[in-house]
Amino acid sequence: MVVGEIAEAVDLLVVGGGPAGYAAALRGAQRGRDVLVIDRDGEDGVGGVCLRAGCIPSKALIEMADVAERAAGYASAGLSVGECSVDLGAFQAHKARIVGELTGGVRSLLAAAGVRVLAGDLRFTRPDQAVVRTPAGRAAFVEFRDVVIATGSRPAVLPHLVPDGVRVLDSTGALDLPELPATVAVVGAGYIGVELGTALAKLGSSVTLVEMAERILPEIDVALTRPVARRLDELGVTVLTAARAGEHRGTILHVRRGDRDVEVKADVVIVAVGRRPNTDELGLDRLGVTPGDDGLLHVAPDRTLRPHVAAVGDVTPGPALAHKGYAEAPVAVDALCGDRVTFQPAAIPAVVFADPEIATVGLSAAAARAEGLDPVVTTIPMAGNGRALTLRAPRGTVQLVSETGTGLVLGLHVVGPHASELVAEGTVAIEMGATVEDLADTVHVHPTVGEQVQEAARAAAGRGLHSASPARRPHHHLNKE
């Protein structure tokens, strides 16, 4: 600190205004703490990548693409629509309105809670002090009692495909496209790449997915990804697996696949090869904190790194998902308030907003066996569900994984319409220690896609009503004394 500078005393400092950060700030205010949030973009930054440039904007694009594609598909059902046209300029305005409403709501919540937000880049200078370089170039010093690090993550970059905002984009840039490119190559067929590629294909672009692994969505059970692979084929998306993207020259992306070179026509290349935690410019060594080789902060079960220092969200191990950050934040703040707490969810759901959607929670059959359990796997197709048929989306399955003998629900894996909503039922079941009998005997609304979850539970309990295939081994009732 420069001699003469007076540091502002802060009770609880939160670094980062994304989902994990603003949730920590609100929890801190609930606990009676005086909270200051530092975000690079100040109040404009609250909501983070998720609200401003990730989850919400991508779902807005996916929803528009779905509507455009589905409307044309209803011709056989008697709906006549004109030729679909896409105005991405208008979409950007639509997206901005949604983002504005949501981030404005977060700002209002923070203001109502008495949380202050300061714009600037923060760097720790001592175990209890940091300097903030404001947009005006001023250095503001803060001395904190407790701190929560929630600086999130950024798109990973390939050295030969550095985003330039025009011809080579990262996932954030892809959501800001001013017009629809005729040809697009998406490098990386994980969940971000598949979501973006599917949406752009539905809107009319010619899309090629380039994936280093042997298949798309390599982090997800292959059986769940097959309906998505078939749908990509129907949409005309070219999928190059076991392929390595090279340089982009002119309108050609050079790809190495096996022992041959492939030229992919691409007006725009979207690089979607994962994300990196934002932990490298914080001066963490001044806190006495060292990130792992992966850049992540390996926190204790209560999300603390050392006394008075906690971390939440994408900077910590585990899935880089906003809902994980939301869940971690109150635990971290409560720990800093002196409570004995731990972040120990039984399961964290994950969703791929592909076509069809994939949602998964809990253990797969293979993971259950790896833990020494004896799983029963019950799979019910979407094709027999009335609501799925009315949605013209009968693709996919509901797969319920339960434990032999007890009938405990271990996992729920859904491929099909509204999978992102259905997976909540499985998450609650796992957290509550529910059995397949509990799900089977719970009345579900008809007609809904969720009835397939109940039917899977009935089949797992050995009394399927509409399914021809009973569980391999019926469960016994769990003793609930």
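Okay, let's start with one pair of residues: A245 stands opposite V255, which sits in strand 13. Before I go on, keep in mind that this is a predicted model.

So where does that pair belong? Strand 12 and strand 13, the latter covering residues 252-257, pair in the antiparallel sense over five bridges. Zooming out, they're part of an open sheet of three strands, in the order 12-13-14, with antiparallel pairing. Strand 12 (243-249) and strand 14 (260-265) are at the edges with a single partner strand each, so one side of each has no neighbour in the sheet. On average, neighbouring strands here are turned by 25 degrees against each other, direction ignored.

There's another open sheet to look at, with five strands in the order 19-20-23-22-21, again paired antiparallel. Its edges are strand 19 and strand 21 (375-381); each has a single partner strand, so one side of each is left without a neighbour in the sheet. The twist in this one averages 10 degrees from one strand to the next. Strand 21 and strand 22 (residues 397-403) run antiparallel and are joined by seven bridges. If you want a spot to find on screen, T379 stands opposite Q399 in strand 22.

Now, the loop between strand 19 and strand 20 holds P356. Have a look at the bond before that proline: D355 and P356 are joined by a cis peptide bond, with omega at about -5 degrees. Another cis bond runs from H446 to P447, with omega near -5 degrees, and P447 lies in the loop between helix 12 (436-440) and helix 13 (451-460). Why point these out? Because most peptide bonds are trans, and most residues other than glycine have a negative phi.

On that second point, L217 has a phi near 45 degrees, a positive value in a residue that isn't glycine. L217 is in the loop between strand 10 (206-210) and helix 7 (222-234), and it's buried, at 0% relative accessible area. R392 also has a positive phi, near 55 degrees. R392 lies in the loop between helix 10 (386-390) and strand 22 and is partly exposed, at 39% relative accessibility. What does the charged end of R392 sit over? The ring of Y74, 5.2 Å from its centre.

Speaking of rings, how many aromatic pairs are there? The count comes to two. In one of them, the ring centres of Y22 and Y326 are 5.8 Å apart and the planes are at 70 degrees, so the pair is edge-to-face. Y22 belongs to helix 1 (residues 19-30) and Y326 to helix 8 (residues 322-336), so this pair ties together parts that are 304 residues apart in sequence. Y22 is buried, at 10% relative accessible area, while Y326 is partly exposed, at 31%.

Then there are F124 and F144, with centres 5.9 Å apart and planes at 75 degrees, so that pair is edge-to-face too. F124 is in strand 4 (residues 121-126) and F144 in strand 6 (residues 139-149), 20 residues apart. Both of these phenylalanines are buried.

Last stop, the second largest pocket, with about 850 Å³ of space. It's lined by 39 residues, and Y191, E219, P319, A320 and L321 lie nearest its centre. Which strand gives the most to that lining? Strand 20, with four residues. Other elements giving two or more residues include helix 6 (191-203) and strand 19 (350-352).

Key:
Residues are numbered from 1 along each chain as its sequence is written. This is a predicted model: local features need pLDDT of at least 70, side-chain atom pairs count only at pLDDT 80 or more; totals for chains, interfaces and linings use all residues. Side-chain values use heavy atoms; hydrogens and water are left out. Two strands pair if DSSP finds at least two bridges between them. Axes are lines fitted to C-alpha atoms, for helices over the stretch in contact, and angles run from 0 to 180 degrees between N-to-C directions. Rings of Phe, Tyr and Trp (its six-membered ring) pair if their centres lie within 6.5 Å; planes under 30 degrees apart count as stacked, over 60 as edge-to-face and the rest as tilted. Buried means under 20% relative accessible area, exposed over 50%, partly exposed in between (1.4 Å probe, protein chains only). A charge sits over a ring if NZ of Lys or CZ of Arg is within 6 Å of the ring centre and within 35 degrees of the ring normal. On a 1 Å grid over the protein atoms alone, a cavity is a set of points where a 1.4 Å probe fits but cannot get out, and a pocket is an open set with protein on both sides within 12 Å along at least five of seven lines; lining residues have an atom within 4 Å of a point. Grid points are joined across faces, edges and corners, and a volume is the space filled by probe spheres set on the points.
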